[in-house]
Amino acid sequence: MTTRRNFLKTSLVGSAAALMGQDLHASGKQAVNGLTTDEIPPRKGKSVMNLRCKPLKTVRIGIIGLGARGQGTTGRLSMAQDAEVVAICDILPSSVSSAQKSLKDNGRKPAAEYVGDESWRKLCERDDIDLIYNVTPWTEHAAIALYAMDCGKHVAIEVPMALTVKDCWALVDKAEEKQLHCMMLENCCYDYFELATLNMARNGVFGEIVHGEGAYNHDLRNYKFTGYYKHWRLEYSKYHTGNPYPTHGLGPVAQIMGINRGDRMTYLSSASSNQFALQEWAKNKLKDDERITQSQRYLLGDVNTTMITTANGKTIMVQHDTSTPHPYSRIHKIQGTKGIAVKYPYERIAIDPIRPETEFMKEEAQKELMEKYKHPLFESYKQSMNITEEQFRAGHGGMDFIMDWRLIYCLRNGYPLDQSVYDGAAWSSLVELTERSVLNHSASVAIPDFTRGEWRNLQPLPVIDMKEVLHGYK
């Protein structure tokens, strides 16, 4: 039986030991947990690309993991129409009590409670739940999702979906075997600027998209030492390098560039700096704390930069930095033959026909362009919500609410989801693959084709309005 402690130990220590010291083969076939990354394992079921399932009158939800992110999730879902939080689960009784209060404050009835290390299994086994919302630490995402699908449940997993290529394949295979949705909850795909640039891209504003950039640059030094249950994020930093959290920056860029829909990521090269900042922060801030003596053990480099090449010859840069005093940035840069958009440190757009001298647009002109191409999904959901502007903005500027409501809307109507299990697997596979590259002097590493060739026959994700009657993606 997989316990929290054993799974954590296996994920943190086992995969690091397997990666350390391995050389890449000259043939270009890199072994990853028994598979070569350019090898496609046999399919165990039908494809779930554009999967349509039986519509649900009410989406009955079980939430596993009630930490800081889980508490926010409970609050949002308790405000969602046509959804019901049936059961909640956490290791800590106090976290369960807090979630119950959130349900009560929003006029919802109490949820069934599950407390303890393995209690999530019993929650998954209930016959009155349609969707498992997995908000646990990274190391438990795959194991819980696999069991939930074995119990016949759709799954929504916080990022990243999995930490190893082997687990990414396992989730793909299980979703195909069971014909269930397995979606990674990449909320940044639903932020206002990202949705607007998606709309612009689909309407040819940037011309042919040739390059994209994304990042998770977020100073978490204090939170790594003072937050997270048993400091799980800090513990992960002791045993792993590369980019452990690639999807916030990558997800929106991948959707805009048609990754897994007309194009795919083929290989990457990744480089990390050494670790300096965590050690310095610990010495300056912790004083007599025993963890100061552990600060030299962190394998995770301060700054990781990864370059990805796609099958169609496009490029993507992804960056990770949670250890230096870096202002928050996801970069979100879209570069095409006719123009460019970049979000941080502030939103800037340059369109060649509008500004022939290629300067960024003036504020008023950019405001008009953003208004013209604001995504209908954002506006439709915002108008349909019976919540205050303050509540809406509290969900990371509204993108959390858009993500949840879009997921619920699609499940209720039997529509395909915006993010497939193939997207979650491809984006999450960078966790292991960037580490492999870093440990092998930034050598190129192949990225698996989780769609098994299906990407060639698909069009990029379309601009979708909630009010439209969908007939399936083309």
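This note goes through a helix, the nonpolar cores, a buried serine and a helix pair in a structure that is a predicted model.

1. A good place to begin is helix α5, which spans residues 141-150 and is largely enclosed by the rest of the structure, because seven of its ten residues are buried. The buried positions are His 141, Ala 142, Ile 144, Ala 145, Leu 146, Ala 148 and Met 149. Among the elements that cover them are the strands β3 (59-64), β6 (131-134), β7 (154-157) and β8 (182-184), and the cover also includes the helices α4 (119-124) and α6 (165-178). After α5 comes Gly 152, which has a positive phi, near 85 degrees.

2. As general background, nonpolar side chains in soluble globular proteins tend to be buried together. In this model the largest nonpolar core holds 122 residues, and those with the most contacts inside it are Tyr 133, Leu 171, Phe 206 and Ile 349. The helix that gives the most to this core is α15, covering residues 399-413, with ten residues. A second core, separate from this one, has seven residues, including Phe 225, Leu 234, Leu 278 and Leu 286.

3. Leu 171 deserves a closer look, since the residues it touches, when those up to four places away in sequence are not counted, include Ala 142, Ala 145, Leu 146 and Met 149, each of which is also listed among the buried residues of α5. Leu 171 further touches Ile 157, Met 161, Ala 162, Cys 182 and Val 421.

4. Where does Ser 78 lie? Ser 78 is found in the loop that runs between α2 (68-77) and β4 (83-90), and with a relative accessible area of 2%, under the 20% limit, Ser 78 is counted as buried. Apart from neighbours within four places in sequence, Ser 78 is in contact with Ser 102, Leu 103, Asn 106 and Arg 108. Of these, Leu 103 is 25 residues from Ser 78 in sequence, while their C-alpha atoms are 5.8 Å apart in space, and the side chain of Asn 106 is joined to that of Ser 78 by a polar contact of 2.8 Å.

5. The last point concerns the packing of α2 against helix α3 (residues 93-105), where the axes are 9 Å apart and the angle is about 20 degrees. The two helices are therefore roughly parallel, and α2 passes α3 in a right-handed crossing. The residues that meet are Gln 71, Thr 74 and Gly 75 from α2, and Ser 95, Ser 98, Ala 99, Ser 102 and Leu 103 from α3. Ser 102 and Leu 103 are also in contact with Ser 78.

Notes
Residues are numbered from 1 along each chain as its sequence is written. This is a predicted model: local features need pLDDT of at least 70, side-chain atom pairs count only at pLDDT 80 or more; totals for chains, interfaces and linings use all residues. Side-chain values use heavy atoms; hydrogens and water are left out. Buried means under 20% relative accessible area, exposed over 50%, partly exposed in between (1.4 Å probe, protein chains only). Helices (H or I, at least four residues) and strands (E, at least two) are DSSP runs, numbered from the N terminus. Contact means heavy atoms within 4.5 Å. A nonpolar core is a set of buried Ala, Val, Leu, Ile, Met, Phe, Trp, Tyr and Cys residues joined through side-chain atoms within 4.5 Å. A polar contact is a pair of N or O atoms within 3.5 Å; within protein, one must be able to donate a hydrogen and the other to accept it, and residues adjacent in sequence count only if both atoms are side-chain atoms. Axes are lines fitted to C-alpha atoms, for helices over the stretch in contact, and angles run from 0 to 180 degrees between N-to-C directions. Angles under 35 degrees count as roughly parallel, over 145 as roughly antiparallel, 65 to 115 as roughly perpendicular and the rest as oblique. A crossing is left-handed if the near helix is turned anticlockwise from the far one by less than a right angle, and right-handed if clockwise.
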